[in-house]
Amino acid sequence: ERAIGKSSHYTAVQGTQSLREAVCVATERDRGWKPTPDMVTVSVGAKHALFNLAAVLCNPGDEFVIPAPYWVSYPEQIRLFDGVPKIVQTRVENGFRMTPSELEAAIGPRTKALILCSPSNPTGAAYAADELRALADVLVRHDLWIILDEIYGDLTYDGFEQVSLAKLVPELRERIIVVDGVSKTYAMTGWRIGWSISPPAVAKALLKVQGQSTTNPTAVAQAAAEAALLGPREPLKEMAKVFAQRRRRMIEGLNQIPGIRCDWPRGAFYAFPDVTGLYGIRWGERRLASADDVSLWQLDVCGIAAVAGEPF
């Protein structure tokens, strides 16, 4: 009741002091390193945090390295500010994880930042500690921002250990920006609370952008997010068990369908199957020739809705 009573007014643009402190506590507990509240900017969801970062960091012509498959908003937000998405096509043989050589080849004189989501939407690809260190060996040689989208960091499977690059390579922290939120771990999508953790100079610039757009995120939603971050962890563990069961049923089921192959994702809650084996199936007067065709055919013939992979 006290929290609700305080939630009828504006808060600080970057979020309440208590929520920003809770983000710091949760980051230390879950990611193994502790930021300070002046580094935290609370936003209207993690998507808003990423949009604000594009507004702050991107000048016309700046390049942002983005491994593919990627969440569809990454390149579009960059294009809105006349930036250039530099797409790195990863391979299923590498578990859809970008290699150091692929990262090195993508970095050029106009590179402003790398956007790395681990675990990933849409593939569930996640980078182990040794893989992150190998990427860090490349990053330390180049002057660019490192945007880490860790929104799925608490949803991993089969003993995979999620490690933050900010913990592994402290010397990069002055260039690391972490994006996170309560939407996935706490199933609070509709509350629209996310945040970025950035060097104080970047956080001040984010404050200017947010102060002229949304101002503060909804006050009562901030109170709910704080309660989630500092509350009991047992329900989260139970939810993770259920996701693990769904993952097993989904991947095993997909791999039993002739023409479909799906590798096991390390994290998140997505399946990204290879459906090229279905190409050529007759559908009316045409034959399937793309994932988009497969998703529409599947809806029409099987009554099952799915999202095609091409936009990613």
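A search of the whole structure finds 19 salt bridges, a salt bridge being a side-chain nitrogen of Lys or Arg within 4 Å of a carboxyl oxygen of Asp or Glu. This is a predicted model, in which local features need pLDDT of at least 70, side-chain atom pairs count only at pLDDT 80 or more, and totals for chains, interfaces and linings use all residues. Residues are numbered from 1 along each chain as its sequence is written, and side-chain values use heavy atoms, with hydrogens and water left out.

Let me take one of these salt bridges. Arg-31 and Asp-154 meet through their side chains at 3.4 Å, N to O. Because Arg-31 belongs to helix 2 (residues 17-31) and Asp-154 to the loop between strand 5 (145-149) and helix 7 (165-168), the pair ties together parts that are 123 residues apart in sequence. Helices (H or I, at least four residues) and strands (E, at least two) are DSSP runs, numbered from the N terminus.

I turn now to the sheet. It is open, has 7 strands in the order 1-7-6-5-4-2-3, and shows mixed pairing; two strands pair if DSSP finds at least two bridges between them. Strand 1 (40-43) and strand 3 stand at the edges with a single partner strand each, so one side of each is left without a neighbour in the sheet. From one strand to the next, the twist averages 20°, where angles run from 0 to 180 degrees between N-to-C directions and axes are lines fitted to C-alpha atoms, for helices over the stretch in contact.

At one edge, strand 1 pairs with strand 7 (residues 194-197) in the antiparallel sense over 4 bridges, and Ser-43 stands opposite Gly-194. At the other, strand 2 (residues 63-68) and strand 3 (residues 84-89) run parallel, joined by 6 bridges, with Ala-68 opposite Gln-89.

The helices come next. Which helix lies across strand 1, strand 5, strand 6 and strand 7? That is helix 8 (residues 200-211), which runs at about 25° to strand 1.

Finally, helix 3 (residues 46-57) and helix 4 have axes that come within 9 Å and cross at roughly 35°. Their contact (heavy atoms within 4.5 Å) is made by Lys-47, Leu-50, Phe-51 and Ala-54 of helix 3 and by Ser-73, Tyr-74, Gln-77, Ile-78 and Leu-80 of helix 4. By class, this contact has 6 nonpolar, 2 polar and 1 charged residues; Ala, Val, Leu, Ile, Met, Phe, Trp, Tyr, Cys and Pro count as nonpolar, Asp, Glu, Lys and Arg as charged, and the others, Gly among them, as polar.
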